[in-house]
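Student: Could you take one part of this structure and walk me through it slowly? I'd like to see how the pieces sit together.

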Amino acid sequence: MFWDWNYTFEILPMLARASVITIQATILGFILAAVLGLVFAILRMSRNRVINGATTAVVEFIRSTPLLIQIFFIYFVLPEFGIVLDAFLAGTLALGLHYATYCSEVYRAGIEGIPRGQWEAATALNLSPVITFRDIIIPQAVPPVIPALGNYLVALFKETPLLSGIAVLELMQTAKILGSQSFRYLEPITLVGVFFLVFSLIASAANRYAERRLTGIGTR
Amino acid sequence: MNERTSDPQPGVASQPMVRFSGVTKRYGDLTVLDNLDLDVAPQEKVAIIGPSGSGKTTVLRMLMTLEPIDDGVIYVDGRPLTHMEVNGELVRANEKYLRSVRGDIGMVFQHFNLFPHMTVLGNCVEAPIHVLGLSKAEAEERAVELLEMVGLGDKLGEYPQRLSGGQKQRVAIARALAMRPKVMLFDEVTSALDPELVGEVLNAIRMLGKEFQLTMLMVTHQMGFAKEFADRVCFFYEGRIHEEGPPEKIFNAPDLERTQQFLSAVLEAG
């Protein structure tokens with residue numbers, strides 16, 4: 001079997017369209033992960049044992065079960081409880097939820113790195129917990145962990161092919177369909193691999209650049 | 001401004017501004033403060049001296065509600081600080097109550113604890129805006145006035161990492177005063193400074209002490225400053241006030257041997 005350039009150019013537009021879905025799922029999933037991860041991290045610091053314990057249990061549960069099962073659960077099982085989501089939404093939600101648990105650990109490390117004196121100054125100025133987090137803690141805790149979050153962005157991106165399991169028309173699913181129509185899998189699957197390689201390399205380079213920029217500033 | 005005073009008269013009012021009543025603090029088996037009784041009159045300046053580990057910083061940290069106390073009650077301006085009244089009984093204060101009473105107290109720390117991601121002005125308006133509810137313009141006006149008083153009117157847009165230690169500490173003083181506290185706590189505020197920068201910070205405290213009707217408690221190793229500035233000096237030893245009195249008495253003719261030993265050791269070193 002040899003590489004067929006004609007076929008390659010024929011399927012390229014379809015794969016390009018599918019890559020938009022992949023990137024959309026990545027970005028939306030990661031936004032959810034980044035926001036929800038911060039919420040998890042803050043709830044886990046609560047002095048209220050119920051809130052703290054419940055959040056820890058949820059985070060551990062999500063992190064210790066496979067993403068594919070979570071995707072299937074949200075797409076196939078939730079409708080039995082009356083919650084019906086379309087495939088893209090279900091898949092993106094699962095990605096975001098799953099990676100939120102990893103992001104929460106990253107944020108926690110960032111928050112724990114804030115010197116105690118900052119909390120004490122906030123108390124001495126009588127700032128409320130909400131203002132303390134919003135204005136004092138988060139602006140100092142997040143920049144140092146952006147590179148670590150970036151790694152999870154790349155990891156999440158590389159897991160989007162799992163959405164083909166619930167027939168989201170992202171890259172992998174599109175490649176599978178193309179292959180089954182033409183009985184040629186070499187070109188579509190290879191192209192998908194190349195696409196992931198290129199975007200991962202770009203994202204990693206951007207992340208290293210951000211890391212260099214961030215180590216330059218933020219010294220107290 | 002009505003906060004200014006023309007004629008401060010320490011110790012005149014009948015009700016103390018700060019009262020420690022049988023306050024005890026333990027860390028595990030270690031008793032850091034043992035049944036402390038201490039009254040501080042409105043506008044009185046009290047210097048707290050003593051060897052390290054004698055509990056002197058703990059006194060300020062408890063008053064700022066940074067450390068819970070194990071026994072006793074602290075009152076500020078007649079109100080219980082560590083406890084609240086529920087059905088006529090004093091119970092341990094919750095976070096909400098603490099927030100309602102903590103505003104009377106301001107604190108300046110040994111290591112400044114400025115917010116590094118905010119400018120000098122940003123540091124000084126954060127709490128007045130979000131706690132006191134001042135408008136941005138009001139808060140800035142207040143902050144600029146204070147920063148000018150401590151000689152930093154030209155550093156408003158600067159970030160803390162670009163300031164010297166002495167400048168940082170003066171920003172911290174202005175930041176605390178912008179909240180208009182009745183009681184100011186100074187915790188070894190010159191200990192982290194290079195010797196040549198100590199004077200500018202002490203000058204700021206001296207000037208603001210005259211300008212505002214403040215009650216001050218300061219933990220300090222600057223015996224000269226304590227002698228000149230304080231109305232009363234408390235020598236702490238092993239979690240208790242070992243000896244107290246006016247500075248002339250404590251520094252020139254202390255009654256107790258421990259006090260003499262400590263002072264001669266400090267003066268020799270300094």
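**A close look at chain B**

Tutor: Let's take chain B, which has 9 helices and 12 strands. Those are DSSP runs counted from the N terminus, with at least four residues (H or I) for a helix and at least two (E) for a strand. The radius of gyration of chain B, taken over C-alpha atoms, is 19 Å, and the globule rule (2.2 Å times the number of residues to the power 0.38) gives 18 Å for 270 residues, so chain B is as compact as a globular protein of that length. Along the principal axes, the C-alpha atoms of chain B fill a box of roughly 55 × 50 × 40 Å.

Two quick notes before we go in. The model is predicted, so to speak of a local feature takes a pLDDT of at least 70, and side-chain atom pairs count only at 80 or more, while totals for chains, interfaces and linings use all residues. Residues are numbered from 1 along each chain as its sequence is written, and chains are lettered from A and ligands numbered from 1 in the order in which they are written.

Start with the sheet of 4 strands in chain B, an open one in the order S2-S1-S4-S5, with antiparallel pairing. Strands count as paired if DSSP finds at least two bridges between them. At the edges stand S2 (30–40) and S5 (79–80) of chain B, and each has a single partner strand, so one side of each is left without a neighbour in the sheet. S1 of chain B covers residues 18–27 and pairs with S2(B) in the antiparallel sense over 7 bridges. If you want a pair to find on screen, look for B:Val23, whose bridge partner in S2(B) is B:Leu36. A helix packs on this sheet too: H1 of chain B (residues 56–63) touches S1, S2 and S4 (71–76), and its direction makes about 115° with that of S1(B). Such angles run from 0 to 180 degrees between N-to-C directions, using axes fitted to C-alpha atoms (for helices, over the stretch in contact).

Now follow the chain into a hairpin. S6 (residues 83–86) and S7 (residues 89–92) of chain B run antiparallel and are joined by 4 bridges. Here B:Val86 stands opposite B:Glu89 of S7(B). The hairpin has 2 residues between its strands, and B:Asn87 takes a positive phi near 50° there.

Next comes the sheet of 6 strands in chain B, also open, in the order S8-S9-S10-S3-S11-S12 and with mixed pairing. The edge strands are S8 (105–108) and S12 (240–245) of chain B; each has a single partner strand, so one side of each has no neighbour in the sheet. Ignoring direction, neighbouring strands of this sheet are turned by 20° against each other on average. Inside that order, S3 (residues 45–49) of chain B runs parallel to S10 (residues 215–219) of chain B, and 4 bridges join the two. You can spot this pairing at B:Ala47, which stands opposite B:Met218 in S10(B).

Time for a pair of helices. H5 (residues 165–177) and H6 (residues 195–211) of chain B pack at an angle of about 20°, and their axes are 8 Å apart. That angle makes H5(B) roughly parallel to H6(B), because the term covers angles under 35 degrees. From H5(B), the residues that meet the other helix are B:Gly165, B:Gly166, B:Gln169, B:Arg170, B:Ile173 and B:Leu177, and from H6(B) they are B:Leu197, B:Glu200, B:Val201, B:Ala204, B:Ile205 and B:Leu208. Sorted by class, this contact of H5(B) with H6(B) has 7 nonpolar, 3 polar and 2 charged residues. In this sorting Ala, Val, Leu, Ile, Met, Phe, Trp, Tyr, Cys and Pro are nonpolar, Asp, Glu, Lys and Arg are charged, and the others, Gly among them, are polar.

Finally, turn to where chain B meets its neighbour: 20 of its residues are in contact with 17 residues of chain A. Contact means that C-beta atoms, placed from the backbone, lie within 7 Å. On the side of chain B that touches chain A, S8 and H3 (120–130) of chain B each supply at least two residues. H3(B) gives the largest share, 3 residues. By class, that side of chain B has 9 nonpolar, 8 polar and 3 charged residues. So S8(B) turns up twice in our tour: at an edge of the sheet, and on the side that touches chain A.

Conventions: Angles under 35 degrees count as roughly parallel, over 145 as roughly antiparallel, 65 to 115 as roughly perpendicular and the rest as oblique. Two residues are in contact if their C-beta atoms, placed from the backbone, lie within 7 Å.
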